[in-house]
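Thanks for coming, everyone. Let me put the structure up, and then we'll walk through it.

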Amino acid sequence: RESMPLIVLIRNKLKYALTYNETKKVTMSRAIKVDGKVRTDMCFPTGFMDVVSIDKTGEYFRMLFDVKGRFLIHRIKKEESAYKLCNVKSVRTAAKGVPVITTHDGRTIRYPDPMIKLHDTVKVDIATNKAVVSTQSTGESTSGCCLT
């Protein structure tokens, strides 16, 4: 729902390309990774807390919101690009009794920590897609903060 296409990110925000064709060449050269996966689709949506990495230049960015709700591209270090924070949207049991959580970006994580509840924030390791650390919520479903 709230996302920014890669073409807008590369051409307008990061200024790595001037035209549509240059942006196409950058993405087709497999230089752009979103959450650790190579993305060649220029229209691929990058959402909140996504990690955009450019290995050829050694740059890493995280998609955040500014105070007015617009996307902000925040430069991060390589160590920070290994994880992302995700909000837990549902906690359920899948087939054969496997516990599963679903995060705000659509990730499904199997066998999470049993202490993770709805609306908690989990630190997800991008390489393994595992929930590493959980931050407990206060019980309110609408909190006005963003943990970074």
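First, a term for what follows: a residue is buried under 20% relative accessible area, exposed over 50%, and partly exposed in between, using a 1.4 Å probe and protein chains only. With that, take Phe48: it is partly exposed, with a relative accessible area of 23%.

Some ground rules. This is a predicted model, where local features need pLDDT of at least 70, side-chain atom pairs count only at pLDDT 80 or more, and totals for chains, interfaces and linings use all residues. Residues are numbered from 1 along each chain as its sequence is written, and side-chain values use heavy atoms, with hydrogens and water left out.

Now the overall view. The protein chain has 148 residues, and 33% of them count as buried. Its C-alpha trace spans about 50 × 35 × 30 Å along the principal axes. There are 2 helices and 12 strands. Helices (H or I, at least four residues) and strands (E, at least two) are DSSP runs, numbered from the N terminus. In sequence order the pattern reads β-α-α-β-β-β-β-β-β-β-β-β-β-β.

Start with helix α1, residues 6–13. Which of its residues are buried? Leu6, Ile7, Leu9 and Ile10. Just after α1, Lys15 takes a positive phi of about 60°.

Next, the strands. Strands of a sheet pair through backbone hydrogen bonds, either parallel or antiparallel. The rule here is that two strands pair if DSSP finds at least two bridges between them. One open sheet has 5 strands, in the order β3-β2-β5-β6-β7, and the pairing is antiparallel. Its edge strands are β3 (37–38) and β7 (71–76), each pairing on one side only. Inside that sheet, strand β2 (residues 32–34) is joined to β5 by 3 bridges, and the two run antiparallel. As an example, Ile32 has Ile54 in β5 as its bridge partner.

Then look at strand β8, residues 83–93. It pairs with strand β11 (residues 121–125) in the antiparallel sense, over 5 bridges. Cys86 stands opposite Val122 in β11. β8 is also joined to β9 by 5 bridges, again antiparallel. There, Ser90 has Thr102 in β9 as its bridge partner. β8 and β9 form a hairpin with 5 residues between them, and Lys96 in the turn has a positive phi of about 65°.

Stay on β9, residues 99–103, which holds Ile101. Buried or exposed? Ile101 counts as buried, at 1% relative accessibility. Ile101 and Lys89 are 12 residues apart in sequence, with their C-alpha atoms 7.5 Å apart.

On to the aromatics. A pair of aromatic rings is described by the distance of the centres and the angle of the planes. Rings of Phe, Tyr and Trp (its six-membered ring) pair if their centres lie within 6.5 Å; planes under 30 degrees apart count as stacked, over 60 as edge-to-face and the rest as tilted. The whole structure has 2 such pairs. Phe48 and Phe65 are stacked, 5.1 Å centre to centre with 5° between the planes. Phe48 lies in the loop between β4 (45–46) and β5 (51–54), and Phe65 in strand β6 (residues 59–65), so the pair ties together parts that are 17 residues apart in sequence. The rings of Phe65 and Phe71 have their centres 4.9 Å apart and their planes at 35°, so that pair is tilted. Phe65 is partly exposed, at 30% relative accessible area. Phe71 is buried, at 15%. Together, Phe48, Phe65 and Phe71 form one aromatic cluster.

Which charged ends sit over the ring of Tyr83? A charge sits over a ring if NZ of Lys or CZ of Arg is within 6 Å of the ring centre and within 35 degrees of the ring normal. Arg62 does so at 5.4 Å from the Tyr83 ring centre. Lys123 does so at 4.2 Å.

That's the tour. Questions, please.
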